[in-house]
Amino acid sequence: HPNAVLDGFTVRNGRAAGAPPNDRGGGVYINVKGTLRDCLVFSNSAAGNGGGVCVATNVLVEGCTIVTNSAAGSGGGLYVAAAAAVSNCILYFNAAGASENYGGGGTFAYTCASPAPAGARNTGAAPLFADWPNADLHLATNSPCIHAGLYAMWMTGGADLDGEPRLMGPVDIGADEYTRYHYVTRDGADANPGTQLSPWGTLQY
């Protein structure tokens, strides 16, 4: 449906391994129109293009984190077959036969990807996640994606992937809105970043 919106999902371990065109979009495939929003897409693969996401015509991809996907063809993270607008997204640490993080066409704005795409306020700097080795893909305190995004109307009253408000100040890039909440459990460790997945062991002032 042209007005369909896929919002707030985690898509992982998908695999597109059929004959063309079923070899593209290992995590998400959108053909004509539609929106992919506030989604975490990771550890998917495709035998063709678009290991994480493959989109074709008049598609919006906004506020997503697309990482650690792979494609035998082009665009390990994202492949745009015709025309799509990508904004406020992280496209990093993907692998492909060509164009590791993104391939094909499309327009990009306020997006963190390597290499930095042409367009407004894109950056090629690494996104810096809270605990990358343990797959904690929340933004670290020193991430260049914090306060680097672009406001859109859907963010008013909207939530990030954790269900936390999208608007807590200037907008962040990616599916996670950085917060200053810290987590402490008996089984945590003070060397951890203090996130929900990697909590501290003590809280000291």
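This report describes the nonpolar cores, two sheets and two single residues of a predicted model.

Local features are reported only at pLDDT of at least 70, and side-chain atom pairs count only at pLDDT 80 or more, while totals for chains, interfaces and linings use all residues. Residues are numbered from 1 along each chain as its sequence is written, and side-chain values use heavy atoms, leaving out hydrogens and water.

**Cores**

A nonpolar core is a set of buried Ala, Val, Leu, Ile, Met, Phe, Trp, Tyr and Cys residues joined through side-chain atoms within 4.5 Å. Buried stands for under 20% relative accessible area, exposed for over 50%, and partly exposed for values in between (1.4 Å probe, protein chains only). The largest nonpolar core has 21 residues, and Leu36, Val53, Val55, Val61 and Leu78 touch the most other members. At least two residues of this core come from each of strand 4 (28–32), strand 8 (53–62) and strand 11 (78–87). Strands (E, at least two residues) and helices (H or I, at least four residues) are DSSP runs, numbered from the N terminus. A second, separate core holds 13 residues, including Val67, Tyr92, Cys112 and Phe129.

Contact means heavy atoms within 4.5 Å. Leaving aside neighbours within four places in sequence, Val55 is in contact with Ile30, Val61, Leu78, Tyr79, Val80, Ala81, Ala82 and Ala84.

**Sheets**

Two strands pair if DSSP finds at least two bridges between them. One open sheet has four strands in the order 3-7-10-13, with parallel pairing. Strand 3 (15–16) and strand 13 (95–98) are at its edges with a single partner strand each, so one side of each has no neighbour in the sheet. Strand 3 is joined to strand 7 (residues 45–46) by two bridges, and Ala16 has Ala46 as its bridge partner in strand 7.

Another open sheet has five strands in the order 2-6-9-12-16, also paired in parallel. Its edges are strand 2 (10–12) and strand 16 (112–113), each with a single partner strand, so one side of each is left without a neighbour in the sheet. Three bridges link strand 6 (residues 40–42) and strand 9 (residues 65–67); Val41 stands opposite Ile66 in strand 9.

**Two buried residues**

| Residue | Strand | Relative accessible area |
|---|---|---|
| Ser74 | strand 10 (residues 70–74) | 14%, buried |
| Ala130 | strand 17 (residues 129–131) | 17%, buried |

Apart from neighbours within four places in sequence, Ser74 contacts Gly48, Asn49, Gly50, Tyr79, Ala96, Ala98, Ser99, Gly103 and Gly104. The C-alpha atoms of Ala130 and Ala159 are separated by 20 Å, with the two residues 29 residues apart along the chain.
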